[in-house]
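Notebook open, structure loaded. I want to go through the strands, then some odd backbone angles, a pocket and the aromatic rings.

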Amino acid sequence: MWFFARDPVRDFPFELIPEPPEGGPPGPWALHRGRKKATGSPVSIFVYDVKPGAEDQTQVAKAAFKRLKTLRHPNILAYIDGLETEKCLHVVTEAVTPLGIYLKARVEASGLKELEISWGLHQIVKALSFLVNDCSLIHNNVCMAAVFVDRAGEWKLGGLDYMYSAQGNGGGPPRKGIPELEQYDPPELADSSGTVVREKWSADMWRLGCLIWEVFNGPLPRAAALRNPGKIPKSLVPHYCELVGANPKVRPNPARFLQNCRAPGGFMSNRFVETNLFLEEIQIKEPAEKQKFFQELSKSLDTFPEDFCRHKVLPQLLTAFEFGNAGAVVLTPLFKVGKFLSAEEYQQKIIPVVVKMFSSTDRAMRIRLLQQMEQFIQYLDEPTVNTQIFPHVVHGFLDTNPAIREQTVKSMLLLAPKLNEANLNVELMKHFARLQAKDEQGPIRCNTTVCLGKIGSYLSASTRHRVLTSAFSRATKDPFAPSRVAGVLGFAATHNLYSMNDCAHKILPVLCGLTVDPEKSVRDQAFKAIRSFLSKLESVSEDPTQLEEVEKDVHAASSPGMGGAAASWAGWAVTGVSSLTSKLIRSHPTTAPTETNIPQRPTPEGVPAPAPTPVPAAPTTSGHWETQDEDKDTAEDSSAADRWDDEDWGSLEEAESVLAQQDEWSTGGQVSRASQSPTGAAGKLRAPGNRAGRSQAPRSHLLRVRGWPASITGVAQSPATRATPSLPCLHVPAPSQGRTLGVRTTGRASRLRVDRSRLSWPGRSAKSGGGRWRPNAPRGRWPRAP
């Protein structure tokens, strides 16, 4: 019968990567890169091949195997697994690189910083202190070849082959027999008389001095070179001289050496070492200490090594958020470290945390996420945005804190390209419609208009047809001057999305009304836009064959490329709470749209100025944007004379005085814009400050209607909307018996008959609050103005 023995190396859960060995400490071990078969995670594998006649080396290798397996310390090479057979020894540790190779690579790449060396030496000295003071063990092999560096830049002490007990119960120090290692032995070991008085740590501290010299100056040629410090920093030289002193009795204990170097002004007294020490003890720190640490961490990350940030700081930040309730303070350093990650690592480590943060009810957390969204938006896929992020973000539109509403509006500029049809064209437009007409903060209304202009190219053709013209027209009637500017610039930025009919019948009439705006900035932009639209119309008039080319984008599908003109016309983008709008919000936290300090335009004599009234609320559904049928597609004018695509339309965050001006032009004088309400859901005019249906106090103006003298003494109420029109009612005298006179107010004409003494608005009575048409005088007499 045949018996088949299983190969233990083949069944070992780790495998060697077929590459040349990286090297290792002089001796029997060879260092190889490896990986775990199940997960593919990288490891380092030290391999010793048993050779006949090398029993001493085999015993040294087995002793090192045993020591590494039983010693556990953060600064000693971490043992993972091992394999011992008759032919070989395999020791699996964390993935590391020999210190000599690491230092050479760092110098060639970006230069080695003293901060890294100070922390690395701190770790090696701490490991020696653990061995000598806590375990009574002498390492007996401290040198460059016995130190390794992990992927985070942490220095680990290895090379435990020649370790022995300081108490002498395991015999004396083992014989090395390798010249490359024996050159680091202190001079007192050559004295065989045994009369030299020394401490148990004296030999290892001498070897530590040799390690320090090699780190700064390269390989040690001979022991005599230790007399010249070379490139060793001046702050470290005094302590280095103590280590390589001829008298072993004065060499400091590892713990005291650390204390001396950590003194103020010492080599290891710096922000990098302090940060590492705090991270090692972060689990036992008080919450207030953690908050302060994370707040100050962002300032220092730029000076820290990249590997350290990725592999040591980042895990601590993630742990602090998951289990430490660190809150919003971890966001800034988290995103700063995220810049060092690849796209795949970012998806695995940062995005799950970000998605979880969006569901937080902490306002500080939410506003910081919105402010820093541009740092991680590129790593979010569309399903994640639509199902896990956008439903939480839209709650910010309804927040009572103006700063959160403002940042939510700005974040839509980044989220819009990733939103689906329902979220972008229905849900978002519903919130934008409410904010633009109802929000009490003028800057937020302004930024809503700005954002709508920038994301217009992402909207569907039907939504663009329904929303853009109405929204920008509404903005031009806003009492906040920058909102009116934003409305004009919105038309200009989306000029290629309007048909020629829309330009002529809808947009130009609105822009012409702004040519008499009290704010010069509004007038300037209005004239500029008018010239551009006129040039566009004129070019099509001269050559009708251009119409198809000019209107090619009107019914085109949503496309990011169509928004090129919107990229330069308003500059707030996503800038955070330091913006002008935020400053205005903080300075006027409860100011309503028409309650700002607006300078009044001069009022003609005899015309009483109405008191400012709040802007009425607009409907909250996207379907309530004013809609009209489109006859032609919108157009892009490549031959426009003013070239608004290429010009800088300015920034809405420039520190300028932005005050709204009242602007209603009437026949008898100028009435404040504050008393003129914006259009309602169906295009009806509403009375400012009149929600109960009562008419305002009568005002009198002299004018003529079709050659007949008349006067304005009251305000009528619309039966369709139960809202009072902003146009007053007319009192017209009767021309003659049996004749009628048509008077048009808000789009509908009411016929007056002279044989009726009292006429009221159709369907309304005086008892229910409707206005009345009253003849000024008995028939046959000219009226006299009251």
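**Entry 1: strands**

I started with S3 and S5, which pair in the antiparallel sense over seven bridges. This is a predicted model, so I keep that in mind throughout. At one point along this pairing, I found Asp-49 opposite Cys-88 in S5.

Next I asked how many of the residues of S5 are buried. I got seven of the seven residues in strand S5 (residues 88-94), so the strand is largely enclosed by the rest of the structure.

I then looked up the pairing of S5 with strand S4 (residues 79-84), and found five bridges with the two running antiparallel. Gly-82 has Val-91 in S5 as its bridge partner. A hairpin takes the chain from S4 to S5 through three residues.

Back to S3 (residues 42-49): six bridges join S2 to this strand, again antiparallel. I picked Leu-31 and found its bridge partner in S3 to be Phe-46. S2 and S3 also make a hairpin, with five residues between them. In that turn I noted Gly-40, with a positive phi of about 80 degrees.

Last in this set, I checked strand S1 (residues 14-16) against strand S2 (residues 30-36), and they pair in the antiparallel sense over three bridges. Leu-16 has Gly-34 as its bridge partner in S2.

One reminder to myself for reading side chains here: in a regular strand they alternate between the two faces of the sheet.

**Entry 2: positive phi**

Gly-40 made me look for positive phi in residues that are not glycine. Ser-136 is one of these, with phi at about 55 degrees. I placed Ser-136 in the loop between helix H4 (114-134) and strand S7 (137-138). Its relative accessible area is 15%, under the 20% cut-off, so I log Ser-136 as buried.

Asn-140 also has a positive phi, near 70 degrees, and is a residue other than glycine. Asn-140 lies in the loop between S7 and strand S8 (147-150). Is Asn-140 buried or exposed? I read 4% relative accessibility, so Asn-140 counts as buried.

**Entry 3: a pocket**

I pulled up the second largest pocket and got a volume of about 450 Å³. Of the 22 residues that line this pocket, the closest to its centre are Asp-56, Val-60, Tyr-162, Pro-174 and Arg-175. Which elements give two or more residues to the lining? I found helix H2 (55-70) and strand S10 (164-165). H2 gives the most, with seven residues. By residue class, I split the lining into nine nonpolar, seven polar and six charged.

**Entry 4: aromatic rings**

My search of the whole structure turned up 16 aromatic pairs. I looked at Phe-278 and Phe-293, where the ring centres are 4.2 Å apart and the planes sit at 15 degrees, so this pair is stacked. The pair links distant parts of the chain, with Phe-278 in helix H9 (residues 271-280) and Phe-293 in helix H10 (residues 287-301), 15 residues apart. I checked burial too, and both Phe-278 and Phe-293 are buried.

Then Phe-335 and Phe-376: I have their ring centres 5.0 Å apart and their planes at 20 degrees, so they are stacked. This pair also links distant parts of the chain, at 41 residues apart. Phe-335 sits in helix H12 (residues 331-338), whereas Phe-376 is in the loop between helix H15 (363-371) and helix H16 (382-393). Phe-335 and Phe-376 are both buried.

I also noted one aromatic cluster formed by Phe-272, Phe-304 and Phe-308.

**Entry 5: two spot checks on helices**

I went to Glu-306 in helix H11 (residues 306-323). With a relative accessible area of 39%, Glu-306 goes down as partly exposed. I also looked up the gap from Glu-306 to Leu-341, which is 35 residues away along the chain: their C-alpha atoms are separated by 9.5 Å.

Finally, Ser-539, which lies in helix H23 (residues 520-542). What does the side chain of Ser-539 reach? I found the backbone oxygen of Lys-536, at 2.7 Å. Ser-539 has 14% relative accessibility, so I count this serine as buried.

Definitions and conventions
Residues numbered from 1 in each chain as written. Heavy atoms only, no water. Helix = DSSP H or I, 4+ residues; strand = E, 2+ residues; numbered from the N terminus. Buried < 20%, exposed > 50% of the residue type's maximum accessible area, 1.4 Å probe, protein only. Polar contact = N/O pair within 3.5 Å; in protein donor to acceptor, adjacent residues only side chain to side chain. Phe/Tyr/Trp six-rings, centres within 6.5 Å; stacked < 30°, edge-to-face > 60°. 1 Å grid on protein atoms, 1.4 Å probe; cavity = no way out; pocket = protein on both sides within 12 Å on 5 of 7 lines; lining within 4 Å. Points joined across faces, edges and corners; volume = space filled by probe spheres on them. Nonpolar A, V, L, I, M, F, W, Y, C, P; charged D, E, K, R; others polar. Pairing = 2+ DSSP bridges.
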